Amino acid sequence: MNDLNVIVDSAQTAFAQAVTPADLENAKALFLGKSGRITELMKGMAALSVDEKKSRGAAINIAKQAIETALTNRRQALADAELQAQLRAEALDVSLPGRQRGQGGLHPVSLTLERIEAIFGSMGFDVAQGPEIESDWFNFTALNTPEDHPARSMHDTFYVEGGSETAPNLLRTHTSPMQIRYAVQHVKKYSSKANGGEGKGLFSGDMPEIRVIAPGRTYRVDSDATHSPMFHQCEGLWVGENVSFKDLKFVFTDFCRTFFESDDLVLRFRPSFFPFTEPSAEIDIQFQTGPLAGRWLEVAGSGQVHPNVVSNMGLDPEKYIGFAFGMGPDRLTMLRYGVNDLRLFFDGDVRFLSQFQ
Ligand code: PHE
């Protein structure tokens, strides 16, 4: 091997050993730099004859080109390797499963409320919402509940600061105040039309029937497996000129059969007492099949709207009559899904709640 071949050979080795571009540039300097091996050989030609210069020069040039080629190849190889490494580092593995987003859903009680609204909606009932902080006029007085009624006691009711004739001062203990609120608005609308805007006294003109349900949250000082201080109720009210207890029986029976998707379901109207209805009845249902078969389960309070309450709605009780009921959507949900502790509905445990999706 002549001296030039040795130099080319060692340049190729040095380049091949360079792992980074900086290593490579340093190695390049050893051969092609200002005092590199090739440059030194060129300088050394000064002493040669013209002929010798020609042949030696050509040989050195070939060696130089070989080194430059090796350099270019190695540069390219290092650049490729760097690109590959970067691509590997930044790679997106499209075969990885995506991060799943939990799918939300409606609370079981909300599902029940939607169901109640759909069923009564199909029977021509409007749906109304009212305040949860109520005045004792709407919650008690207007509903014919006297000052000394036990429901008004501090043990049963959450009172809040303030309170006057019109100011709210308690968390409503039932949805029944919505009977008054809704009926008063309804009567105002039609009585002012009939009486040219006067609307004074009790209305005995014509108007479309009042047919409404009012679902929502209610509050009582109560807490155990079947009572929660916050619970849901859904009020129902149907008032017209000829609405009787038999309509209540029909409507409520039809509702229960649709709600529970069962035709063999028996209802019992058990005599009871509410200040705002007369007569009054608790409504019990009995499943004929399934795990609860044979037991009587209370689902609602109900009755014929008391004449004093009809008056407080602004209506003439000689002309208008109807029924009301108040049921417990929490209870209906427990019965429909077989849940035995009411508190599960309000604990917010996803393991429980996700079963209803
Ligand atoms: N408001 C009564 C309760 O909470 C239920 C009820 C409503 C009874 C309407 C009669 C009529 O117990």
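Two strands pair if DSSP finds at least two bridges between them. Strands 6 and 7 clear that cut-off with nine bridges, and they run antiparallel. The model described here is predicted.

**The sheet**

Seven strands make up an open sheet. Their order is 1-4-5-9-8-7-6, with mixed pairing. The edges are held by strand 1 (126-127) and strand 6 (265-274). Each of these two has a single partner strand, so one side of each lacks a neighbour in the sheet. In general, strands of a sheet pair through backbone hydrogen bonds, either parallel or antiparallel.

Strand 6 passes into strand 7 by a hairpin, and two residues make the connection. Along this pair, Pro271 stands opposite Ala281 of strand 7. Leu267 has Ile285 of strand 7 as its bridge partner.

Strand 7 covers residues 277-287 and is also joined to strand 8, by eight bridges. That pairing is antiparallel too. Here Ser280 faces Gly303 of strand 8, and Gln286 has Trp296 of strand 8 as its bridge partner.

How is strand 7 placed relative to the rest of the structure, and why? Nine of its eleven residues are buried, so strand 7 is largely enclosed by the rest of the structure. Buried here means under 20% relative accessible area.

**The ligand site**

The shell around the ligand holds 14 residues. His174, Ser176, Arg220, Gln233 and Gly326 come nearest. By class, the shell has eight polar, four nonpolar and two charged residues.

Which strands supply at least two shell residues each? They are strand 5 (230-240), strand 8 (296-305) and strand 9 (321-327). Strand 9 gives the largest share, three residues. In the sheet order, strands 5, 9 and 8 follow one another.

Three side chains have a polar atom at a listed distance from a ligand atom:

| Side chain | Ligand atom | Distance |
|---|---|---|
| Ser176, N or O atom | nitrogen | 2.9 Å |
| Arg220, N or O atom | oxygen | 2.8 Å |
| Gln233, polar atom | oxygen | 2.8 Å |

How much of the ligand does the protein cover? On its own, the ligand has 330 Å² of accessible area, and the protein covers 91% of it.

**Helix 10**

Helix 10 spans residues 329-337. Its buried residues are Pro329, Asp330, Leu332, Thr333, Met334 and Leu335. An α-helix has 3.6 residues a turn, so residues three or four places apart point the same way. Gly338 follows helix 10. The phi of Gly338 is positive, near 70°.

**Domains**

The domain assignment splits the protein into domain 1 (2-89) and domain 2 (108-356). How far apart are the centres of domain 1 and domain 2? Taken over C-alpha atoms, the separation is 96 Å.

**In brief**

The ligand is 91% covered by the protein. Strands 5, 8 and 9 each supply at least two residues of the shell. Strand 7 pairs with strand 6 through nine bridges and with strand 8 through eight.

How values were computed
Residues are numbered from 1 along each chain as its sequence is written. This is a predicted model: local features need pLDDT of at least 70, side-chain atom pairs count only at pLDDT 80 or more; totals for chains, interfaces and linings use all residues. Side-chain values use heavy atoms; hydrogens and water are left out. A residue is near a molecule or strand if one of its heavy atoms lies within 4 Å of it. A polar contact is a pair of N or O atoms within 3.5 Å; within protein, one must be able to donate a hydrogen and the other to accept it, and residues adjacent in sequence count only if both atoms are side-chain atoms. Accessible areas come from the Shrake-Rupley method with a 1.4 Å probe; for residues, only the protein chains shown count as cover. Helices (H or I, at least four residues) and strands (E, at least two) are DSSP runs, numbered from the N terminus. Ala, Val, Leu, Ile, Met, Phe, Trp, Tyr, Cys and Pro count as nonpolar, Asp, Glu, Lys and Arg as charged, and the others, Gly among them, as polar. Domain bounds come from an automatic or database domain assignment. Buried means under 20% relative accessible area, exposed over 50%, partly exposed in between (1.4 Å probe, protein chains only).
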